[in-house]
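Visitor: I have a structure open and would like to talk it through. Could you guide me?

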Amino acid sequence: MTTELGAQQRTTVLDRAAQERDRAAAAARRLAGAQSVIDGVVTDTLLRPLVSADISVVGTSARVVTGENGRFRMLQVPPGQYLIVVRRIGFAPTSGIIDVRDNDTLRLTYSLTRSNSLLDTLRIKERRVGMRMLGFEKRRLIGQGQFITQDEIDRRGSREASDYLRNTRSVAVSRITDQQFAGTVALSRREGGSLTGDGAGACPMQVLLDGIVLPRFFNLDLLPPPRQIAGIEIYSGPATTPPEFSGPDRRCGIIAVWTRDGY
């Protein structure tokens with residue numbers, strides 16, 4: 001047992017060291033590479049341009065707003081992979097992962113669906129953040145899922161958001177590097193879960209950021225740093241998932257990450 005524990009600890013240390021090397025190499029490439037441009041447009045489902053839509057790059061201070069024609073532009077973007085969040089009052093937010101290459105112009109299109117949700121139409125950001133964390137505390141009192149509070153995040157002082165998921169009973173954090181994907185993913189420990197629903201295991205959990213559904217098989221390296229996170233809640237499957245997090249595919253469980261300032 002002691003030998004197995006020691007091996008697991010060494011593996012964790014090696015995984016973290018490899019992750020740090022990958023991040024350092026990516027940062028060096030960004031600094032050395034040529035700057036790129038992002039051109040985009042935000043519309044509704046009828047392809048009408050949306051003015052004053054907010055486009056944020058998660059984990060950075062980059063944020064722009066669309067003009068009257070629904071268009072936006074980001075200049076001098078270093079090469080790398082980024083998570084984009086698009087919001088507008090009165091519409092459900094959306095997200096997407098982009099890969100920016102050296103000296104390139106990336107053209108993006110986002111379509112937002114109108115929403116009647118109160119949280120999507122609140123005009124005061126601080127009030128929206130406060131209501132989100134009130135919901136977090138109410139669900140924590142019920143106790144159906146697993147919860148990581150801001151106090152615990154600050155106390156542990158880990159550098160990566162994925163570190164807080166490693167010791168939870170529902171999540172297996174795995175580092176994957178192959179031709180199709182390179183990053184850190186959260187897989188369900190629940191028996192019978194799988195990528196294809198055939199019960200073969202390795203079932204990726206759905207990740208949400210401030211209530212925004214992120215792409216499937218999400219790279220946890222793109223989450224905001226822990227200093228920006230207010231809380232994390234984890235649900236192992238559909239039976240324990242609260243109604244506000246329901247969706248078409250929750251069989252592998254969900255991880256809801258809440259930021260301190262909100263996206």
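Guide: Certainly, and let us begin with a term: two residues are in contact when heavy atoms of theirs lie within 4.5 Å. Please keep in mind that this is a predicted model.

Visitor: Then which residues does S95 touch, leaving out those up to four places away in sequence?

Guide: S95 touches L83, I84, V85, I212, V213, L214 and P215.

Visitor: Where is S95 found?

Guide: S95 is found in strand 7, which covers residues 94-100.

Visitor: And is S95 buried or exposed?

Guide: S95 is buried, because its relative accessibility is 15% and the cut-off for buried is under 20%.

Visitor: What lies 2.9 Å from a polar atom of the S95 side chain?

Guide: The backbone oxygen of V213 lies at that distance. V213 is also one of the residues that S95 touches.

Visitor: Let us step back. How many helices and strands does the chain have?

Guide: The chain has four helices and 16 strands. Of its 263 residues, 45% count as buried.

Visitor: What about the surface: how much area does the chain expose?

Guide: The chain exposes about 14300 Å², and carbon and sulfur atoms supply 51% of that area.

Visitor: And for contacts between residues at least 6 apart in sequence, what percentage join residues at least 24 apart?

Guide: The value is 61%.

Visitor: Now strand 1. Why is strand 1 described as largely enclosed by the rest of the structure?

Guide: Strand 1 spans residues 36-44, and eight of these nine residues are buried, so the strand is largely enclosed by the rest of the structure.

Visitor: Which way does strand 1 run relative to strand 4, parallel or antiparallel?

Guide: Strand 1 and strand 4 (residues 71-77) run antiparallel and are joined by five bridges. In one of these pairings, G40 has F72 of strand 4 as its bridge partner.

Visitor: What about strand 8: parallel or antiparallel to strand 1?

Guide: Strand 8, residues 105-114, pairs with strand 1 in the parallel sense, over eight bridges. There, D44 has L112 as its bridge partner.

Visitor: What comes in the loop between strand 1 and strand 2? Where, for instance, is L47?

Guide: L47 is in that loop, before strand 2 (54-57). Its phi is near 65°, a positive value in a residue other than glycine. L47 is exposed, because its relative accessible area is 65% and exposed means over 50%.

Visitor: And what is the phi of S52?

Guide: S52 also has a positive phi, about 65°, although S52 is not a glycine. It lies in the loop between strand 1 and strand 2. S52 is partly exposed, with a relative accessible area of 47%.

Visitor: Changing topic: how many residues does the largest nonpolar core have?

Guide: It has 26 residues, and those with the most contacts inside it are L165, V171, F218, L223, I232 and I255. At least two residues of this core come from each of strand 5 (80-87), strand 10 (171-177), strand 13 (206-209), strand 15 and strand 16.

Visitor: Which strand supplies the largest share?

Guide: Strand 15 does, with three residues. Apart from this core lies another core, of 20 residues, among them I55, V100, L106 and L112.

Visitor: What does L223 touch, not counting residues up to four places away in sequence?

Guide: L223 touches V58, A161, V207, L214, F218 and V257.

Visitor: In what order do the five strands of the open sheet come?

Guide: The order is 9-15-16-13-14, and the pairing is mixed. Strand 9 (146-149) and strand 14 (212-213) are the edge strands, each pairing on one side only. Within this sheet, strand 13 and strand 16 run parallel and are joined by four bridges. Q206, for example, has I254 of strand 16 as its bridge partner.

Visitor: One last residue: where does R250 lie?

Guide: R250 lies in the loop between strand 15 (229-235) and strand 16 (254-259). R250 counts as buried, with 10% relative accessibility. Leaving aside neighbours within four places in sequence, R250 is in contact with Q206, V213, G237, P238 and F245.

Visitor: And how far apart are R250 and Y235?

Guide: R250 and Y235 are 15 residues apart in sequence and 9.4 Å apart in space, C-alpha to C-alpha.

Notes
Residues are numbered from 1 along each chain as its sequence is written. This is a predicted model: local features need pLDDT of at least 70, side-chain atom pairs count only at pLDDT 80 or more; totals for chains, interfaces and linings use all residues. Side-chain values use heavy atoms; hydrogens and water are left out. Buried means under 20% relative accessible area, exposed over 50%, partly exposed in between (1.4 Å probe, protein chains only). Two strands pair if DSSP finds at least two bridges between them. Accessible areas come from the Shrake-Rupley method with a 1.4 Å probe; for residues, only the protein chains shown count as cover. A polar contact is a pair of N or O atoms within 3.5 Å; within protein, one must be able to donate a hydrogen and the other to accept it, and residues adjacent in sequence count only if both atoms are side-chain atoms. A nonpolar core is a set of buried Ala, Val, Leu, Ile, Met, Phe, Trp, Tyr and Cys residues joined through side-chain atoms within 4.5 Å.
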